[in-house]
Amino acid sequence: DADVAEFVAVEGSKVTKRAVKELGLPFGVTIGGLVRDGKGELVNGNTCIQPGDSVMVFCHKHHIEKAEKLFKASKLW
């Protein structure tokens, strides 16, 4: 029972500040791929997400809000 969500990374969001393996993704949240400059790419732990990337996230419904917060601009990160 997993969902697939698409998020666009914005400047200043947590996902743009570290490699995927260093993000501390919540259990049950997996980043599967992204689209950058019109080209699809698989994501691995060393991938650095850039502002404007369209990112595919796999997660359970109850984790969708946690995943969404990673892609919003935040001055706390």
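**Exercise 1. Place Asn-44 in the predicted model and decide whether it is buried, partly exposed or exposed.**

Solution.
- Step 1: Find the segment. Asn-44 sits in the loop between strand 3 and strand 4.
- Step 2: Read the accessibility. The relative accessible area of Asn-44 is 44%.
- Step 3: Apply the cut-offs. Buried means under 20%, exposed means over 50%, and partly exposed lies in between. Asn-44 is therefore partly exposed.
- Step 4: Check a distance. Asn-44 and Val-10 are 34 residues apart in sequence. Their C-alpha atoms are 20 Å apart in space.

**Exercise 2. Work out the order of the strands in the sheet and name the edge strands.**

Solution.
- Step 1: Start with strand 1 (residues 2–8). It pairs with strand 4 (residues 54–60) over 7 bridges, in the antiparallel sense. One of the partner pairs is Asp-3 with Cys-59.
- Step 2: Move on from strand 4. It is joined to strand 2 (residues 29–36) by 6 bridges, and these two strands run antiparallel. Here Val-29 stands opposite Cys-59.
- Step 3: Continue from strand 2. It is joined to strand 3 by 4 bridges, again antiparallel. Gly-33 stands opposite Leu-42, and Leu-34 has Glu-41 as its bridge partner.
- Step 4: Put the pairs together. The result is an open sheet of 4 strands in the order 1-4-2-3.
- Step 5: Name the edges. Strand 1 and strand 3 (39–42) each pair on one side only, so they are the edge strands.
- Step 6: Add the twist. From one strand to the next, the twist averages 25 degrees.

**Exercise 3. Examine the turn between strand 2 and strand 3, and say what stands out about Asp-37.**

Solution.
- Step 1: Identify the motif. Strand 2 and strand 3 form a hairpin with 2 residues between them.
- Step 2: Locate the residue. Asp-37 lies in the loop between these strands.
- Step 3: Recall the usual case. Most residues other than glycine have a negative phi.
- Step 4: Compare. Asp-37 is not a glycine, yet its phi is positive, at about 55 degrees.
- Step 5: Classify its accessibility. Asp-37 reaches 76%, so it counts as exposed.

**Exercise 4. Describe the largest nonpolar core, then list the contacts of Val-57.**

Solution.
- Step 1: Count the members. The largest nonpolar core has 17 residues.
- Step 2: Pick out those that touch the most other members. They are Val-15, Ile-31, Ile-49, Val-55, Val-57 and Phe-71.
- Step 3: Trace the elements. Strand 1, strand 2, strand 4 and helix 1 (64–70) each supply at least two residues of this core.
- Step 4: Recall the general tendency. In soluble globular proteins, nonpolar side chains tend to be buried together.
- Step 5: Focus on Val-57. Leave out residues up to four places away in sequence. Val-57 then touches Asp-3, Val-4, Ala-5, Phe-7, Val-29, Thr-30, Ile-31, Ala-67 and Phe-71.

**Exercise 5. Find the aromatic pair and decide how its rings are arranged.**

Solution.
- Step 1: Count. The structure holds 1 aromatic pair.
- Step 2: Describe the geometry. The rings of Phe-7 and Phe-71 have their centres 5.0 Å apart, and their planes meet at 20 degrees.
- Step 3: Apply the cut-off. Planes under 30 degrees apart count as stacked. The pair is therefore stacked.
- Step 4: Place the partners. Phe-7 belongs to strand 1, and Phe-71 to the segment after helix 1. They are 64 residues apart, so the pair links distant parts of the chain.
- Step 5: Check burial. Both Phe-7 and Phe-71 are buried.

**Exercise 6. Classify Cys-48, Cys-59, His-63 and Gly-24 by accessibility.**

Solution.
- Step 1: Take the cysteines. Cys-48 is at 46%, so it counts as partly exposed. Cys-59 has 1% and is buried. The structure holds 0 disulfides.
- Step 2: Take His-63. It lies in the loop between strand 4 and helix 1. Its relative accessible area is 11%, so His-63 is buried. Leaving aside neighbours within four places in sequence, His-63 is in contact with Phe-27, Gly-28 and Val-29.
- Step 3: Take Gly-24. It is found in the loop between strand 1 and strand 2. With 62%, Gly-24 is exposed.
- Step 4: Add a distance. Gly-24 and Phe-71 are 47 residues apart along the chain, and their C-alpha atoms are separated by 13 Å.

Key:
Residues are numbered from 1 along each chain as its sequence is written. This is a predicted model: local features need pLDDT of at least 70, side-chain atom pairs count only at pLDDT 80 or more; totals for chains, interfaces and linings use all residues. Side-chain values use heavy atoms; hydrogens and water are left out. A nonpolar core is a set of buried Ala, Val, Leu, Ile, Met, Phe, Trp, Tyr and Cys residues joined through side-chain atoms within 4.5 Å. Buried means under 20% relative accessible area, exposed over 50%, partly exposed in between (1.4 Å probe, protein chains only). Contact means heavy atoms within 4.5 Å. A disulfide is a pair of cysteine sulfur atoms within 2.5 Å. Rings of Phe, Tyr and Trp (its six-membered ring) pair if their centres lie within 6.5 Å; planes under 30 degrees apart count as stacked, over 60 as edge-to-face and the rest as tilted. Axes are lines fitted to C-alpha atoms, for helices over the stretch in contact, and angles run from 0 to 180 degrees between N-to-C directions.
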